[in-house]
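Student: Please take a close look at a single helix in this model. I would like to know how it sits in the fold and what surrounds it.

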Amino acid sequence: MSERLQPGDVAPAFTLPDADGNEVSLSDHQGRKVIVYFYPAALTPGCTKQACDFTDNLDLLAGAGYDVIGISPDSPEKLGRFRDKESLKVTLLADPEKTALDAYGAFGEKKNYGKTYLGVIRSTIVVDEQGKVEHAFYNVRATGHVAKIIKDLGI
């Protein structure tokens, strides 16, 4: 389990396949602000709600200079089905090895109904144009989170 990121930290670099198998790197977005959000699993109710919320607000976020990237441990094929089924417009990246999840502190111990296990910690990291962490939100809720980010960012 890795440390959680703090504002001012350099955002860890990553290169991961998207839903079509194309490699996408954080550095591809240099000079733009990037909202990187981590979610447990495509095609599940909470993750679908969150992805749809980001898609519904993508024009507003893009207009304010933000790109949005969603990362989960799913395969590119599953992400493709998720994108197509829900008409998602956000970039979805596959991290089955959990390298970015670990680097961003978004994978670790969770508790549910008294049981402790390892899993994806729903998290959102806002990276500035220079590649530094501007905001780091951990243990966020799927519902209402996008509205909160928009409010916190003053958009």
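Tutor: The answer starts with the helix and then works outward to its surroundings.

The model is predicted, so to speak of local features requires pLDDT of at least 70, and side-chain atom pairs count only at pLDDT 80 or more, while totals for chains, interfaces and linings use all residues. Residues are numbered from 1 along each chain as its sequence is written, and side-chain values use heavy atoms, with hydrogens and water left out.

The part chosen is α3, residues 76–86. Helices here are DSSP runs of H or I with at least four residues, strands are runs of E with at least two, and both are numbered from the N terminus. Pro76, Leu79, Gly80 and Phe82 of this helix are buried. Buried means under 20% relative accessible area, exposed means over 50%, and partly exposed is in between, with a 1.4 Å probe and protein chains only. The buried residues of α3 fall within an arc of 165° when seen down its axis, so they line one face of the helix. That arc is taken over the directions from the helix axis to the C-beta atoms. On the other side, Glu77, Asp84 and Lys85 are exposed.

The buried residues of α3 pack against β1 (15–17), α1, β4 (66–72) and β5 (91–94), where contact means heavy atoms within 4.5 Å. After the helix comes Ser87, with a positive phi near 55°. Most residues other than glycine have a negative phi.

Next come the charged side chains. The structure holds 8 salt bridges, each being a side-chain nitrogen of Lys or Arg within 4 Å of a carboxyl oxygen of Asp or Glu. Side chains of opposite charge can pair when their charged atoms come close. One of the bridges joins Arg83 and Asp20, at 3.0 Å from N to O. Arg83 lies in α3 and Asp20 in the loop between β1 and β2 (23–25), so the pair ties together parts that are 63 residues apart in sequence. Arg83 is partly exposed, at 22% relative accessible area, whereas Asp20 is exposed, at 51%. Asp84 belongs with Arg83 and Asp20 to a network of salt bridges. Another bridge links Lys78 with Asp74, at 3.3 Å from N to O. Lys78 is partly exposed at 23% relative accessibility, and Asp74 counts as buried at 8%.

On the aromatic side, Phe82 forms one cluster with Tyr37, Tyr39 and Phe54. Rings of Phe, Tyr and Trp (its six-membered ring) pair if their centres lie within 6.5 Å; planes under 30 degrees apart count as stacked, over 60 as edge-to-face and the rest as tilted. By this rule the count comes to 5 aromatic pairs. Tyr37 and Phe54 make a stacked pair, 4.4 Å centre to centre with 25° between the planes. Tyr37 is in strand β3 and Phe54 in helix α1, so the pair ties together parts that are 17 residues apart in sequence. Tyr37 is buried at 0% relative accessible area, and Phe54 is likewise buried at 0%.

That leads to the nonpolar core, a set of buried Ala, Val, Leu, Ile, Met, Phe, Trp, Tyr and Cys residues joined through side-chain atoms within 4.5 Å. The largest core has 26 residues, and those with the most contacts inside it are Ile35, Tyr37, Tyr39, Phe54, Val68 and Leu92. α3 supplies at least two residues of this core, as do β3, α1, α2 (58–63), β4, β5 and α5. The most comes from α1, with 4 residues. Another core, of 22 residues, lies apart from it, with Val34, Val36, Ile71 and Leu93 among them. Not counting residues up to four places away in sequence, Val68 touches Ile35, Tyr37, Phe54, Leu58, Leu61, Val90 and Thr91.

In short, α3 has buried residues on one face, exposed residues on the other side, and a salt bridge from Arg83 to Asp20.
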